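Student: I'm new to this one. Could you pick a single part and walk me through it closely, starting from the whole?

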Amino acid sequence: MQLTLLCNAGLAMVSGGQTLLVDVPAGEAPPFAPLPPEIWRRILERNGDYRRLVGLWFTHTHPDHCDLDALAAFQRRWPEVPCLMPQAGERHGIVELGGFTLEYAEIPHAPIPNPPVHRVTWIEAEGRSVYVAADAALDVEAHRAFLRGRRAGDAFFNAMYLSRPETRALLREAADRVWIYHMPPDQTDGIWRKCRRNLERFAPELTTVTVLD
């Protein structure tokens with residue numbers, strides 16, 4: 001399985017010539033950058049890796065993870081491609097999209113006013129596994145309950161998970177390779193500055209962690 005970060009939290013996963021998109025298309029939500037227009041054109045036209053697109057999967061509906069207007073345009077053009085949103089009360093489930101198996105569970109969004117329904121996802125294809133934590137709250141036990149001792153090849157967490165000893169322990173447990181994503185493009189932004197401090201301070205604990213910019 002080939003993994004590509006398309007924008008701040010938007011991922012493309014390619015396996016067996018099929019492509020799954022996670023949190024794509026994403027819109028404008030400062031300080032995070034939207035999906036670049038040239039990538040969106042290729043997706044909308046289903047060119048290149050996007051020709052065999054088996055589904056669009058969303059962790060939640062915040063604009064930096066889901067551009068609803070762009071998604072509606074895609075659905076009008078390609079109604080046969082599944083576009084799957086989290087639904088209230090849908091606590092756990094498994095979905096097959098082409099050669100991808102997705103297991104998901106509802107873990108609340110990090111605390112904010114009026115949080116959306118939010119899910120984490122375990123994705124398998126061709127014997128490889130990926131864990132996408134998106135904007136899940138720093139609830140280590142909820143993650144552990146979902147993972148049930150499983151260790152992914154790759155996991156995507158945001159920078160909040162670098163800040164506490166218990167969440168850094170989770171990063172070490174969750175995957176062989178941990179990717180910190182959902183970063184603003186401006187490396188003078190406060191999120192980036194805090195991320196750098198944590199990387200420097202806790203470097204011995206974070207040997208499997210890489211920040212994606």
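Tutor: Let's start wide: among contacts in the protein with a separation of 6 or more, 59% are between residues 24 or more positions apart, where contact means heavy atoms within 4.5 Å. This is a predicted model, in which local features need pLDDT of at least 70, side-chain atom pairs count only at pLDDT 80 or more, and totals for chains, interfaces and linings use all residues. Residues are numbered from 1 along each chain as its sequence is written, and side-chain values use heavy atoms, with hydrogens and water left out.

The protein has five helices and twelve strands (DSSP runs numbered from the N terminus: H or I of at least four residues for helices, E of at least two for strands). Our part is strand S10, residues 152-157. Six of its six residues are buried, meaning under 20% relative accessible area with a 1.4 Å probe, protein chains only.

Now for its neighbours. On one hand, S10 pairs with strand S9 (residues 128-132) in the parallel sense, over three bridges; strands count as paired if DSSP finds at least two bridges between them. Here valine 130 stands opposite aspartate 154 in S10. On the other hand, S10 runs parallel to strand S11 (residues 175-180), joined by five bridges, and phenylalanine 156 has tryptophan 179 in S11 as its bridge partner.

Helices link these strands up. S9, helix H3 (residues 140-147) and S10 form a right-handed β-α-β unit: with the strands pointing away from the viewer, the path from the first strand over the helix to the second runs clockwise. S10, helix H4 (residues 165-174) and S11 make a right-handed β-α-β unit too.

Methods: Buried means under 20% relative accessible area, exposed over 50%, partly exposed in between (1.4 Å probe, protein chains only).
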